[in-house]
Amino acid sequence: MRQITLLLFILCLQTVVTAQSGQKPIIFEEVKLNLQEIISFVESKTDVKFVYSEDRIPLNKQLSLDTDSYSIKELMKEVANALSLDYKIKNNRRILLLGEKVSNPTEQFRYVTGLVIDELTGEPLFGATITNKQRDKGINSNEIGLFKYKASSDEDSLVISYIGFNTASVAISDLKEDSKKINLRPSVEFDEVLIQTPLARKLETESTFNYYINKKQLSEGFGFVGSDPLNKVMQLSGVQSGREGQINIYVRGGSPDQNIVLMDGVPLYETSHVFGLSSIFNADAIKNVQVYKQAYPAKFGGRLSSVIDFKMNEGNSYERKTSIGFDPLSVHFNTEGPIIKGKSSYNLSARKSTINLFYNEPIEQLLGFDESDFSFFDVNLKLSHEFAEGNKLFFSLYRGSDQFEIVNSESITSTTESLERQNFDNLKWENQIYSLQWHNSVSDRIISKLQMSYSDYTNRSRSAFNFSQFDGSVTSETELDIIATSRIIDLGLNADFQVFMNNDWELNFGTGIQHHRYDPTIKQSTVILDGDANQFDNDSKFITADEVTAYVDSKWKLGPSTQLNAGLRYNNYNVRGIEHSSLQPRLSLIQEFPNDHKLTVSATKMTQFVHLLVNPGIGLPTSLWIPSTDRLPPEHAYQLAAAYGGNLSSNLQFEIAGYVKRMENVVEYTSPFDLFFTFVNFQDIEIKFDANRDWENFVETGDSFSKGAEFSLQNRKGPFLFELSYAWSDTDRTFEGLNRGNPFPYKYDRTHDFSIAARHHFSDAFHVHASWVYGTGDAFTLADESFIDIDGIERLDASKRNNDRLNDYHRLDVGLQLNKYLKNESLLTLGLSVFNVYNRKNDYYVYLFEDTTANEDNSRFQLEEVSLFPILPHFSLNYEF
Amino acid sequence: MNKTIYKASIFFFITLLCISCSNNFDTQSENELSRMVLNSVFTPGEFMTVHLATTRQILNPNSTFRNISTADVEVTDNNTSQVYRLTHIGEGNYQTDEFRPTFGGSYSVTAHATGFESVQATSKVPLQAFVSQTDVYQGEFTDEGKRELFVNLEFHSESTETQYYVWEIIGKEKQARNDFDFNDVGEGPVLLFSEDSRTESVLADESFQTRIFLSDDGSQGPVQTSFVTETDPVVAFQFGDDTDEDADVLLEVRAMTVSEDLYEYFKSIEIYRLRGEVNSSITQPIDIYSNIDGGLGIFAGLTSEILKIKLN
């Protein structure tokens with residue numbers, strides 16, 4: 001009995017010991033230790049003993065433990081992974097360290113994953129540069145800050161850098177196959193490091209002379225209404241902006257609809273608020289933007305000229321921040337913060353115009369309107385949740401709405417004639433987009449992104465005219481009421497994969513399906529109708545189209561200074577049972593030279609399946625988006641481009657670029673009823689109108705050819721920053737049924753386009769900025785001759801299409817910004833600016849009217865110009881807490 | 001280098017402040033040369049007359065219309081390849097008595113004049129299409145005192161090619177039954193409207209037009225169509241209150257069979273009339289159709305009949 005009891009006691013003792021050894025967690029006081037320290041600590045806290053040979057085990061190798069509490073098994077797994085050790089655990093009491101794993105001679109590498117984030121906000125940093133210590137090879141982080149790197153056995157650390165942040169060095173042993181967060185701290189000192197930020201930065205290893213603008217750069221506002229992200233884009237060389245009342249973008253001879261503008265991956269059909277004073281992009285809500293005007297990655301398509309890809313802020317995942325601001329045009333509000341600290345975050349931004357509350361009357365007096373009403377609002381919301389490092393879900397929402405209404409009358413009187421004009425214009429447009437994205441690091445080499453999206457754009461315009469003309473003996477009156485509606489609904493599902501083959505080879509591929517619904521309508525009446533425009537919606541059937549896309553894209557480093565990017569994109573577009581397909585190759589070669597000089601040569605094809613019938617001149621979104629049909633084929637663009645640039649000195653960076661581009665099946669609207677023509681009718685008639693769905697009969701397709709050269713110079717160091725850009729271009733169009741089949745200048749062909757923007761930091765609390773833009777006037781068709789027809793009546797005629805030009809456009813804007821940090825760490829910012837400082841009366845439009853004199857054989861015609869914005873001061877106040 | 005750029009930038013911006021603004025608009029259009037305008041509408045059995053004149057630059061007060069009297073003008077009968085030289089008969093008109101166009105004939109014209117680009121054109125005379133008025137009736141008076149007039153027409157053509165028909169009202173007269181005392185009862189063009197879906201509305205809103213356009217796509221046999229016009233208040237008044245019960249009102253309808261060129265020309269003239277002459281940077285001037293290569297105008301053939309519609 002005694003022996004049995006003793007045996008049982010020994011067994012229990014062993015069990016207790018075992019329980020103590022196997023189950024009790026080991027709590028480390030520090031997480032950065034070398035292997036020797038770990039062994040000593042474990043042996044001191046438990047009865048586990050390590051057995052090993054000192055010359056076979058890297059006892060001095062530093063480790064960074066993920067946590068401070070482990071079981072023995074968990075600890076050994078992590079240590080062995082980090083050091084590539086073989087080991088055995090015996091009876092939970094002895095641990096045999098067998099030495100470093102003998103790897104396959106061909107596998108002296110391992111793949112590590114990292115996640116680069118802003119240490120203060122937790123937001124991922126897109127485009128961070130990751131290189132080895134020698135900086136002879138490197139990669140970039142993706143849009144959620146994720147990167148994959150193939151580390152060789154002789155590499156022990158990586159260098160991570162990002163403009164505006166302190167550079168960090170990370171031990172490769174700290175990185176694993178699944179991602180590890182790498183925090184970068186913003187550089188907060190006001191010194192040359194901070195203000196080295198250039199106004200636009202090229203992705204350092206992208207090397208294709210496309211552009212990336214981060215949040216800090218976007219917040220450096222030069223626009224009339226303060227910081228406007230789209231204004232930053234329009235300051236880039238080769239990117240031309242519209243004129244007064246227009247915020248359209250023209251890139252390398254293309255029309256505004258040939259730029260795909262994305263917000264969190266969802267295409268937008270309208271990017272401006274009323275009169276082009278502001279874009280729909282709220283600087284508080286936008287994190288960064290990428291701009292491609294050549295060498296487009298194969299994942300982008302659908303437009304001919306450029307890709308402008310805005311990403312929304314995810315919000316600070318560590319602390320809540322709020323800001324409110326006010327300027328004469330709007331109030332804005334932004335709040336961001338964590339939902340679950342370190343895991344989930346939100347960013348909510350909203351703007352509401354105040355023009356209609358305070359400024360309608362002064363604007364009416366200033367611009368000569370009898371009555372006016374301008375208003376807009378927009379809301380951006382983004383939610384993000386991190387399931388695990390490298391596994392993130394995002395929800396994005398944007399809603400914006402504009403209302404624009406003016407009543408205007410004008411009288412022109414000469415000695416023998418008087419003309420009175422009254423017009424009523426009303427525009428309403430709405431944008432809303434919803435997007436759900438899931439980013440996931442699927443394996444040590446693959447990152448996936450799945451996205452569902454919904455977009456709804458509605459534009460409804462109405463223009464009513466009443467003309468009264470007295471020619472000395474007879475008074476004639478005409479009326480016209482035109483209602484136009486354009487609605488587009490898009491549903492999309494996309495899957496993208498990024499495969500990291502090795503540090504010199506990255507493969508991207510993906511697929512997607514989109515369902516589009518178009519509803520373009522124009523109606524006209526020869527009398528002014530009573531009631532709102534939406535009362536006259538008809539039940540005409542909309543047009544649906546389904547689109548399937550697939551792409552593959554590869555980046556190879558052919559040598560230490562040569563990279564080849566090759567991709568292929570496929571689109572299939574089905575509308576009304578008619579299929580259009582397009583294969584679009586994308587090729588670019590990058591060669592690096594000493595002093596950071598680079599040469600890029602690219603050849604691309606882009607295809608576009610939607611077209612914009614543009615209201616010819618006044619820059620308001622009274623336009624129709626129409627799909628390709630059996631009678632209206634897709635547009636294609638073939639572009640060859642080359643760019644060379646680099647550092648002239650430590651301060652100065654330059655770029656020279658040239659391109660030729662041929663576009664097929666571009667469209668011109670040839671209907672006699674532009675939205676603003678007059679309608680002469682000698683008899684009163686009853687109200688009569690009908691929906692015009694025959695736009696296919698009034699569209700002409702043709703070709704366009706564009707060539708150009710661009711130059712930019714920027715100073716990116718010191719308290720004085722500037723960016724200068726100049727572009728020369730020549731774009732013409734040829735249509736069989738227009739201009740007798742002869743080429744004519746494209747309406748938005750801008751021979752010379754120049755801009756200079758400068759900024760001087762006197763201190764971190766005060767800076768001034770100025771910008772000057774210049775551009776050749778837009779082309780238009782002037783009936784410059786007349787002839788007598790077979791009935792003996794004089795008829796006006798234009799000798800050529802687009803035979804005249806508006807006056808050259810130029811204006812100067814200046815401003816200053818004052819920052820005041822308050823005691824509770826809040827920030828008060830005051831901005832003062834003046835738009836069009838020297839009050840240049842830039843042409844909005846010109847018109848010709850006849851001043852008949854006593855001599856009937858020599859009638860005089862006069863050209864009158866209408867301008868929009870004179871000198872306009874502006875201020876803004878922003879409080880962030 | 002930094003200081004130099006800094007100073008240069010300051011100087012640049014200050015200079016810009018001194019630039020004055022300007023309100024005047026000066027055209028950059030470089031059209032300084034007049035072009036030749038050739039107009040000729042010919043009918044079978046009548047001498048062909050070609051009129052030549054110049055355009056004028058509307059922004060140049062010294063630019064005027066001029067007849068061209070020293071041009072070399074030739075017409076070729078494409079059926080016989082015979083070339084005829086036209087001589088100037090005054091005021092820019094050129095004519096020959098050596099031939100007269102025939103039904104179905106094809107003709108080409110060339111004109112050369114010093115200081116102008118040479119012009120040329122080709123057109124044909126369509127085959128005769130006989131037109132008859134099959135019915136006419138009047139609607140009730142409207143509150144505005146107007147009255148609709150419904151007219152049915154029938155076109156007969158033996159051609160297998162597409163025929164182009166255009167008709168218009170060219171006259172309105174009050175005709176006394178007894179003493180042939182004519183006087184006009186209204187001024188201005190009479191507007192027409194057609195509900196026949198085969199007719200073309202130059203503007204998709206189906207507005208009233210001065211001319212109606214119809215093509216038969218080569219179908220044979222009679223083409224029946226109709227049109228509507230409104231009698232103006234003066235005419236209606238004549239019917240309603242005029243005590244002159246012995247008066248009739250005549251409407252003269254000219255029904256034409258035209259070449260395709262003339263058909264397009266008339267349509268563009270109609271659009272021009274409806275559209276007006278607004279000439280600005282936000283509108284596109286109407287292009288009046290022309291088949292004159294190197295110039296402006298129209299060279300085309302037609303046949304026509306005049307129908308008299310009596311309203312009583």
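These legends walk through several close-up views of a predicted model.

**View 1. A five-stranded open sheet in chain A.** Reading across this sheet, the strand order is E15-E20-E21-E18-E19, and the pairing is mixed. At the edges sit strand E15 (211-213) and strand E19 (266-268) of chain A, each of which pairs on one side only. Neighbouring strands here are turned by 20° against each other on average, with direction ignored. Look at the E15 edge: E15(A) pairs with strand E20 (residues 286-292) of chain A in the antiparallel sense, over three bridges. To find your place along that pairing, pick out Ile213(A), which stands opposite Val289(A) in E20(A).

**View 2. A four-stranded open sheet, also in chain A.** This one runs E10-E9-E12-E13, with antiparallel pairing. Strand E10 (138-140) and strand E13 (168-171) of chain A each have a single partner strand, so one side of each has no neighbour in the sheet. From one strand to the next, the twist averages 25°. Inside the sheet, strand E9 (residues 129-132) and strand E12 (residues 157-161) of chain A are antiparallel partners joined over four bridges. A handy marker is Asn132(A), whose bridge partner in E12(A) is Leu158(A).

**View 3. The largest nonpolar core, and another one apart from it.** The largest core brings together 33 residues, and Tyr573(A) and Trp625(A) have the most contacts inside it. Several strands of chain A give two or more residues to this core, including strand E26 (391-413), strand E27 (418-441), strand E28 (446-470) and strand E51 (843-851). Apart from it lies another core, this time of 32 residues. Among its members are Phe787(A) and Leu863(A), along with Leu296(B) and Ile298(B) from chain B.

**View 4. A stacked pair of tryptophans.** Over all chains, a search of the whole structure turns up 30 aromatic pairs. In this view, Trp505(A) and Trp556(A) are stacked, at 6.1 Å centre to centre and with 25° between the planes. The two rings link distant parts of the chain: Trp505(A) belongs to strand E30 (residues 505-525) of chain A and Trp556(A) to strand E31 of chain A, 51 residues apart. So are these two buried or exposed? Neither, quite: Trp505(A) counts as partly exposed because its relative accessibility is 28%, and Trp556(A) gets that label at 31%.

**View 5. A tilted pair, Tyr644(A) and Phe654(A).** These rings are 6.1 Å apart centre to centre, with 55° between the planes. Tyr644(A) comes from strand E37 (residues 635-647) of chain A, while Phe654(A) comes from strand E38 (residues 652-669) of chain A, ten residues apart. Tyr644(A) is partly exposed, at 30% relative accessibility. Phe654(A) counts as buried because its relative accessibility is 11%, and the cut-off for buried is under 20%.

**View 6. A cluster of rings in chain B.** Which residues make up the cluster? Ring pairs join Phe42(B), Tyr84(B), Phe99(B), Tyr107(B) and Phe299(B).

**View 7. Charges sitting over rings.** In chain A, Lys382(A) lies over the face of Phe394(A), at 4.9 Å from the ring centre. Chain B has an arginine example: the charged end of Arg100(B) sits over the ring of Phe47(B), 4.1 Å from its centre.

Technical notes:
Residues are numbered from 1 along each chain as its sequence is written. Chains are lettered from A and ligands numbered from 1 in the order in which they are written. This is a predicted model: local features need pLDDT of at least 70, side-chain atom pairs count only at pLDDT 80 or more; totals for chains, interfaces and linings use all residues. Side-chain values use heavy atoms; hydrogens and water are left out. Two strands pair if DSSP finds at least two bridges between them. Axes are lines fitted to C-alpha atoms, for helices over the stretch in contact, and angles run from 0 to 180 degrees between N-to-C directions. A nonpolar core is a set of buried Ala, Val, Leu, Ile, Met, Phe, Trp, Tyr and Cys residues joined through side-chain atoms within 4.5 Å. Buried means under 20% relative accessible area, exposed over 50%, partly exposed in between (1.4 Å probe, protein chains only). Rings of Phe, Tyr and Trp (its six-membered ring) pair if their centres lie within 6.5 Å; planes under 30 degrees apart count as stacked, over 60 as edge-to-face and the rest as tilted. A charge sits over a ring if NZ of Lys or CZ of Arg is within 6 Å of the ring centre and within 35 degrees of the ring normal.
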